[in-house]
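Biologist: Can you pull up the model and talk me through it? Short answers are fine.
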2 protein chains.
Amino acid sequence: MTRGTDTGNRDTVQTTRTMLETVEVIKRLEGATVTEVAAELGYAKSTVYRHLSTLSDLGYVVKTDNEYRVGLRFLELGQHARTRQAGYDLTTKKVEEIAERTGERAQFIVREHGDAVYIHRAFGDDAVRTDPGIGSRIPLHATAAGKAILANLDEDELFDVLEQTDFEGFTDHTITDREELLDELAEIRERGYSFNREENLKGLHAVGVPILGDGGVVIGALSVSGPSHRLRGDRFHEDLPNLLLGTANELELNITHT
Amino acid sequence: MTRGTDTGNRDTVQTTRTMLETVEVIKRLEGATVTEVAAELGYAKSTVYRHLSTLSDLGYVVKTDNEYRVGLRFLELGQHARTRQAGYDLTTKKVEEIAERTGERAQFIVREHGDAVYIHRAFGDDAVRTDPGIGSRIPLHATAAGKAILANLDEDELFDVLEQTDFEGFTDHTITDREELLDELAEIRERGYSFNREENLKGLHAVGVPILGDGGVVIGALSVSGPSHRLRGDRFHEDLPNLLLGTANELELNITHT
DNA sequence: AATATCGTTCGATCATATAGAACGTGGATG
DNA sequence: CATCCACGTTCTATATGATCGAACGATATT
């Protein structure tokens, strides 16, 4: 996972930073009291209190007894951001379709600020039901969908993104070298789809295809993932790629024609 | 729709208020530039610029060219708030089931700060597909689900909520009188389910049931809605209520036993 | 080429976010 | 039942930093 600008407190509104830190803490702790947040962040109790009161007043945080929790007003903003992604409506159905046809897990993912973000997800009958949901951020360089997106960025953008990438290693198979990644991205661009062979999670394979909009701009990517013992051989290397490519094609026709 | 504290700038972090105003503006305008936001809010350009830069730095806002948009990091917070609602998983399936069985639109709604908020929604084959999505806020006093929730609050909480309610009238049928509402809530409590007869939208009917958790605390409400010409007679007054009551019962058994 | 328009940077000011102490309250402990 | 924490909340002084307006630079427009 990467961050916007790690050290960057150049010229920014400090209070906003503090406020969002506060929200992130009550998210991480799944609800917290004033003192807990103050301890976690090293701020004075009164400061945290004022922040949480304000957020509660504005409806962005919910207070029950003395515990504060992330409020649903963030969902309003989040859904707004989600639904305004290109191809949002069309991809919903396609993801469900792929999940049903394959029995595995399918997802639609877009890029934002160096990360890949889940927009849709569906489970087939055999799908592994664990793990991250809508809105979660996963690394671009260690996922099938992520690599499919990277492979279709123009050079400038790609280099910008790679600049921010820390090439964190998740398993022995994660690509942790910039050059190696560039080589694989070239392959993917040519081939039209990408693989993830236990690069993010031990035992998990995936296939990904990019979804391109007008002018070949990459909108996001579709992927199917499942246990490595089921995703192998022809199914992994041919059937699933073909299914995804077909779906991507249908989608692209519909998206550009609206 | 109601607000936390309309005039309230008592003792709150002003900057947070400004920051959230900024985000709400770029949401409402579906993306906006620095000058547009500054004009909309009456702040100096430089101020808005600093705010948007900060938010962009932190990944909460996305900048393309000179336009800022609400970022997907809000979705991360929003989904967190959404999924941690009691019975989140269970209600997903039930809502889909109801939509399929009735052919209409079904939803699961919870209360937060004087408003009802959509948590799940599903469309049956005949469903009216217009209107608000997940995360949207609707009035408690003018919807079936909202009234089902109100009817099951304890007095203190109910009065707190009614305090904030402005009894906005949406159609000729909206209940705009506090006493009238209290009477109807008493009926609903006794009967176990609620109706919405074009109280929120002309031509739209709905039936709602509360979902109660441990100790009879109301968690949220399920409702089915559709055009008034289809939701009438026995179907409206008996079949749908029975279906909903049955589902609510199942849910309540599963929620309390975990 | 000239001009307007916008994003961005800069500097001074004044508002206000912050910390810390003080107050009030509920729950635990003896 | 009395005492004592521990916590949320209010208050106040101070210094930080958010704000504005002006100036700069880039870009598009005519």
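Modeller: We can go through domains, charge and backbone here.
Modeller: This is a predicted model, where local features need pLDDT of at least 70, side-chain atom pairs count only at pLDDT 80 or more, and totals for chains, interfaces and linings use all residues. Residues are numbered from 1 along each chain as its sequence is written, chains are lettered from A and ligands numbered from 1 in the order in which they are written, and side-chain values use heavy atoms, without hydrogens and water.

Biologist: Which domains does chain A have?
Modeller: Domain 1 (14-71) and domain 2 (79-256). The bounds come from an automatic or database domain assignment.

Biologist: How far apart are the C-alpha centres of domain 1 and domain 2 of chain A?
Modeller: They lie 35 Å apart.

Biologist: New topic. Where is A:Asp126?
Modeller: In the loop between strand E4 (115-123) and strand E5 (137-139) of chain A. Strands (E, at least two residues) and helices (H or I, at least four) are DSSP runs, numbered from the N terminus.

Biologist: What is the relative accessible area of A:Asp126?
Modeller: 45%, so A:Asp126 is partly exposed. The classes are buried under 20%, exposed over 50%, partly exposed in between (1.4 Å probe, protein chains only).

Biologist: Backbone next. What is odd about phi at A:Glu30?
Modeller: A:Glu30 is not a glycine, yet its phi is positive, about 55°. Most residues other than glycine have a negative phi. A:Glu30 sits in the loop between helix H1 (14-28) and helix H2 (34-41) of chain A.

Biologist: And what about phi at A:Phe167?
Modeller: Positive too, about 50°, and A:Phe167 is not a glycine. Its loop runs between helix H7 (155-164) and helix H8 (178-191) of chain A.

Biologist: Is A:Phe167 buried or exposed?
Modeller: A:Phe167 is buried, with a relative accessible area of 13%. A:Glu30 is partly exposed, at 46%.
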